[in-house]
Amino acid sequence: MTHPVVDLRSDTLTRPTPGMLEAIATAEVGDDVYGEDPEVNALEAEVAQLLGHEAGLFCPTGSMSNMLGVRALVPAGQEIICDSLAHIVRAELGGHAVFGQVTTRTWQSLRGQLDADQALGMAVPDAGPYFVSTAAIAIEDTHNFGGGTVQSVDELRRLRAGAAALGLDVHLDGARLWNAHVATGVPLSEYGSFADTVSVCLSKGLGAPVGSVLVASAERIAEARIWRKRMGGGMRQVGVLAAAGRYALKHHVARLADDHARARTIAEALAGVDDSIIEPELVRSNIVASQWPSAAAAQAFIAGCAAEGLRVSAVGARVVRLVTHLDIDESGAGRAAEALPAIAKQALNV
């Protein structure tokens, strides 16, 4: 292979930039379990302010951050409802049931797009002594398994108002909320106003090595801090990681527009072969979810990509995901776009 590998499996694969490494090396640290790490305290305050909430909690993973956010809203034995493609029900290994004693119920969505009426119509608050009561609704923006779907702000606003009328809370899995913000120009504080708890990730598009932040009211965050420790998430001199997150917030948010443009370039290259594989106009963030006519064709596409030094991942029997990120520059995206049509043609002939 004469070209370097272009790794499009996930935006979690990024490595710290030189500036981020310097921030890590010079971080002032303390013991976060005692609340004495200045970098962590600053990160939590900054993210909470950005999203318009009272307080934040630095967590090692997005799954833990989501579990703490949901647990803050849903009493044991009650349910949170979400769409069937949501990360909290597909990719968190049943953690909400195991640790939070929370049940889930789902609706079917098109590419993870929120339909507020559909969600609200499923809710059953105060279901009585024989049925499970709905306590909260979960939404995801951007939507990972939906193909990087950017949610309609009007639908988010309608869901928030409808949930409040029913006495329900809302959790926002905003692992890639930064991408939605850049794609739409909607302020992060407005996104934050749509939910009672919000989880945002620093180790995906923003390129930090690890970490997510949960934001909510001060009271809920205080309780979540206890549960973080109970779940084994208490951390010590973790300011070295918080410093990376703070650097990412300052330097890597606006540049997400580059990832979006490169994802569109890749989508257009695939659509040029067969527009049933992907509709480029649906690619508004950094995820290209390509649809294949059969599992065999999807596997042939993955194998063909590997042979050309392109790494991609299956997220369903017939769905292959390609994700642009900080480590995919213009050259890498261009090489992928150049190679993909021939690979796709061969895969479609399987």
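1. Before we start, a term you will need: a cavity is a set of points on a 1 Å grid where a 1.4 Å probe fits but cannot get out, and its lining residues have an atom within 4 Å of one of those points. With that in mind, the second largest cavity here is lined by L68, R71, A72, R220, E223, A224 and W227. Bear in mind as you read that this is a predicted model.

2. Staying with that second largest cavity, the space inside comes to about 50 Å³. Which helix gives the largest share of its lining? That would be α10, with 4 residues. Helix α10 covers residues 218-230, and both α10 and α3 bring at least two residues to this lining. Sorted by class, the lining has 4 nonpolar residues, 3 charged ones and no polar ones.

3. Now for the other closed spaces. How many cavities of 30 Å³ or more turn up in the whole structure? The search finds 4. The largest cavity holds about 60 Å³ of space. Around the largest cavity sit M67, V70, R71, G95, H96, F99, G100, V102 and M231. Look for R71 in both lists: R71 lines the largest cavity, and R71 also lines the second largest cavity.

4. Which helix gives the most to the lining of the largest cavity? Helix α5 does, with 4 residues. This helix runs over residues 95-100, and α3 joins α5 in supplying at least two lining residues. By class you get 5 nonpolar, 3 polar and 1 charged.

5. On to the pockets, which are open. The largest pocket has a volume of about 550 Å³. Its lining takes in 29 residues, and the ones closest to the centre are R111, G146, G147, T149 and L282. Try finding strand β9, residues 287-291: this strand gives the most to the lining, with 4 residues. The class split for this pocket is 14 nonpolar, 9 polar and 6 charged.

6. The second largest pocket has about 350 Å³ of space. Here 25 residues make the lining, with T12, H87, N144, R176 and K204 closest to the centre. Helix α3 (62-73) shows up again: α3 and β7 each supply at least two lining residues, and α3 gives the most, with 3. In this lining, 12 residues are polar, 7 are nonpolar and 6 are charged.

7. Have a look at helix α8, residues 177-184. Which of its residues are buried? L177, W178, N179 and A180 are. The cover over the buried residues of α8 includes the helices α2, α9, α11 and α12, along with the strands β6 and β7. Right after α8 comes G185, with a positive phi near 80 degrees.

8. Next, rings. The count of aromatic pairs comes to 2. In one of them, the rings of Y191 and F194 have centres 6.4 Å apart and planes at 85 degrees; angles over 60 count as edge-to-face, so that is what this pair is. Are these two buried or exposed? Buried means under 20% relative accessible area, so Y191, at 0%, counts as buried, and F194, at 4%, does too.

9. Rings also meet charges in this model. R90 lies over the face of F145, 4.4 Å from the ring centre. R230 lies over the face of W227, also 4.4 Å from the ring centre. You have met W227 already, as part of the lining of the second largest cavity.

10. Two acidic residues deserve a closer look. E155 is in helix α7, residues 153-166. With a relative accessibility of 18%, E155 falls under the 20% cut-off and so counts as buried. Setting aside residues up to four places away in sequence, E155 touches L114, D115 and A116.

11. The other one is D196, in the loop between α9 and β7. Its relative accessible area is 14%, so D196 is buried. What does D196 contact, beyond its neighbours within four places in sequence? Its partners are H53, L73, R160, D169, V170, V215, A216 and R220. Take R160: D196 and R160 are 36 residues apart along the chain, and their C-alpha atoms are separated by 9.4 Å. R220 is another link back to the start, since R220 is listed in the lining of the second largest cavity.

Key. Residues numbered from 1 in each chain as written. Predicted model: local features only at pLDDT ≥ 70, side-chain atom pairs only at ≥ 80, totals over all residues. Heavy atoms only, no water. Buried < 20%, exposed > 50% of the residue type's maximum accessible area, 1.4 Å probe, protein only. Contact = heavy atoms within 4.5 Å. 1 Å grid on protein atoms, 1.4 Å probe; cavity = no way out; pocket = protein on both sides within 12 Å on 5 of 7 lines; lining within 4 Å. Points joined across faces, edges and corners; volume = space filled by probe spheres on them. Nonpolar A, V, L, I, M, F, W, Y, C, P; charged D, E, K, R; others polar. Phe/Tyr/Trp six-rings, centres within 6.5 Å; stacked < 30°, edge-to-face > 60°. Lys NZ or Arg CZ within 6 Å of the ring centre and 35° of its normal.
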